[in-house]
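Subject: Handover of a two-chain model

Hello,

Here is the structure I promised to pass on. Please open it first, then read my notes below.

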Amino acid sequence: MSIIRIVDLMKRYDSIEAVRGVSFEVKEGESFGFIGPNGAGKTTTINILCTLLRPTSGRAFVNGYDCMQEASNVRASIGLVFQETTLDNELTAYENLKFHGYLYNMDKRKVEQRIDEMLELVMLHDRKDDIVKTFSGGMKRRLEIARGLLHKPKVLFLDEPTLGLDPQTRSNVWNFIESLKRKDGITIFMTTHYMDEAERCDRIAIIDHGKIIACGCPEELKSEIKGDSIHLETEDDERAVLELREKFNIDARRLSNGLIFNVDKGDAFIPRIFGRLSTNILSVNLKKPSLDDVFLHLTGREIRDYNDGNGGMADAMRRRRR
Amino acid sequence: MFSYKAIYVIVLREFKRFFRQRIRLIVTIARPLIWLIIVGSGFSKIINVPGEISYKQFILPGIVGMTILFSSIFSTITVVWDREFGFLREMLVAPISRSTIVTGKLLSGTALSLFQGVVLILLAPFFGVYVSALQFVWMFFLMAIVSLSITALGLFIASFLKSLEGFNIIMNFVVLPMFFLSGALYPLGTLPAYLHIFTFVNPVSYGIDAFKHVLFHDTGPLIAELSFTLDILAIIVFSMIMVILASYSFERRE
């Protein structure tokens, strides 16, 4: 069963089309990664799904409810963890969660019990009555996840959940998210622009310039890239390139340090070149395709090319809306 | 969905924040006393008015009005604050209607201002004003509707403000003129005619005038200048208009 269904979604801001005809489905219980560079339309799509934004056209359903017509039901079905923290720094961890429980119309007794459970789960139980201001970035993120889960949502939306966290905390947050999925069977919908994180999702969709350019499980998408890439350093690179063309019919590219080429089953290919190149090989490096390569293959650009740039479209939109 | 539980917790949060920030509590009590000492005692030396009300007594209703004005505007600035720090989104994505959020913010702003007003009335003897039980009940009612009207005005303004920088402009061009043109520091009659227009659209003027009706029964140039009925009607009408505008604007913008 599809817990999220998006059909031909479009969103236009004045003259800019942030989302241009997006369709996809997310199955119940899977972790779904929504990948793309900044400004590709990720946040716009997520805002439409959580009923904060009305699309220009198209439809979106969460848990069977229409995001436009049944916003209240949609909101009760989802938990959200935003890019920026949305905790009240002046309140304690407990108070932040209690606030949330009451906003979601939970019973007093049920709230108390659920808060204890959730704080236990995110390992913040001993900090229950501490003011959130004193928490570290990772603790705040964990508390937000606990809050997002407090009202037992069907889908947990995570918008760049590891942005701005150090590598160790990032990996902690990830382990935690994965255990959640295993234990509670909750559907996880997340955006990220870290491709290595996207690899850990069951399925991903890649969005670029407001359009879905690929959708499937990471392995599937990677298998579309023909072969592995092999990076070779030799004593005489020029001769190596020539011989690769003559003997193996392979077009290798010269780099400043060595040469690079793609072949199917690179691990089996490597032993073959040793005997047949007349120049000495200094180093061999085999690289299996990554999602970065998928992105590069589909768009002709590296995803970080624009992540290093200044913001992009969605950020500009966000700034305007604030 | 309109949710009473949500309103309760929104109000609870504002009170927690208020009492947790000790400084706000201290300011609540210290500010009127500072005005009493600095403005009250200073002006009463140079201002000599006939009648039975001293200048020190005269500024009490004005200081009550000022406290409510500042407190109500400040409490709605928390909406801008919440927006800036993201907390507003937590409320916006909850399964509650926008009108629940507006009601929660109006109630908490009103209640906090009213609380500070009551503290001031308890401090009234320092101003040489002694308040009877009936006067207290009247003051309670009046302070409540004045608080509501200004909180609603503040919420209306806050729905436009995108950042806290805008707050300074509001302080200088809206709040301070409202205070100075309210009859808090000098009778409205002493203002030149062209400024009178502003006092007539200023809810604080009516509020302070109504406070004077309740607190002073004496004669002289420092007593209330408008009719008590007009005061109450004006405040209620202003509140209603502002509540409608604030709700409409908040719902449209968020």
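What follows are my notes on the interface, two helices and one loop residue.

This is a predicted model: local features need pLDDT of at least 70, side-chain atom pairs count only at pLDDT 80 or more, and totals for chains, interfaces and linings use all residues. Residues are numbered from 1 along each chain as its sequence is written, chains are lettered from A and ligands numbered from 1 in the order in which they are written, and side-chain values use heavy atoms, without hydrogens and water.

**The interface**

In chain B, 27 residues are in contact with 31 residues of chain A (contact: heavy atoms within 4.5 Å). The buried area between the chains is about 2800 Å² (accessible area, 1.4 Å probe, that two parts lose on being put together, summed over both). Carbon and sulfur atoms give 57% of it. On the chain B side, Arg89(B), Glu90(B) and Val93(B) lose the most area to chain A, together 25% of what that side buries.

The interface has 6 salt bridges (a side-chain nitrogen of Lys or Arg within 4 Å of a carboxyl oxygen of Asp or Glu). Asp88(A) and Arg17(B) are joined by a salt bridge at 2.7 Å, N to O. Helix 1 of chain B gives the most to the side that touches chain A, with 10 residues (helices are DSSP runs of H or I, at least four residues, numbered from the N terminus).

**Helix 1 of chain B**

This helix covers residues 4-20. At 1.5 Å a residue, its 17 residues should span 24 Å (1.5 Å times one less than the number of residues), and its end C-alpha atoms are 24 Å apart, which agrees. Its buried residues include Ile7(B), Ile10(B), Arg17(B) and Phe18(B) (buried: under 20% relative accessible area, 1.4 Å probe, protein chains only). The cover over its buried residues includes helix 3 (93-103) of chain A and helix 5 (98-122) of chain B.

**Helix 1 of chain A**

Helix 1 of chain A runs over residues 42-49, and 8 of its 8 residues are buried. Just after this helix, Thr51(A) has a positive phi of about 65 degrees.

**A loop residue**

Ser159(B) sits in the loop between helix 6 (133-158) and helix 7 (165-180) of chain B. Is Ser159(B) buried or exposed? Ser159(B) is buried, at a relative accessible area of 1%. Its side chain reaches the backbone oxygen of Phe156(B) at 2.7 Å. Leaving aside residues up to four places away in sequence, Ser159(B) touches Arg83(B), Ser249(B), Phe250(B) and Arg253(B).

Best wishes

Terms used: Helices (H or I, at least four residues) and strands (E, at least two) are DSSP runs, numbered from the N terminus. Buried means under 20% relative accessible area, exposed over 50%, partly exposed in between (1.4 Å probe, protein chains only). A polar contact is a pair of N or O atoms within 3.5 Å; within protein, one must be able to donate a hydrogen and the other to accept it, and residues adjacent in sequence count only if both atoms are side-chain atoms.
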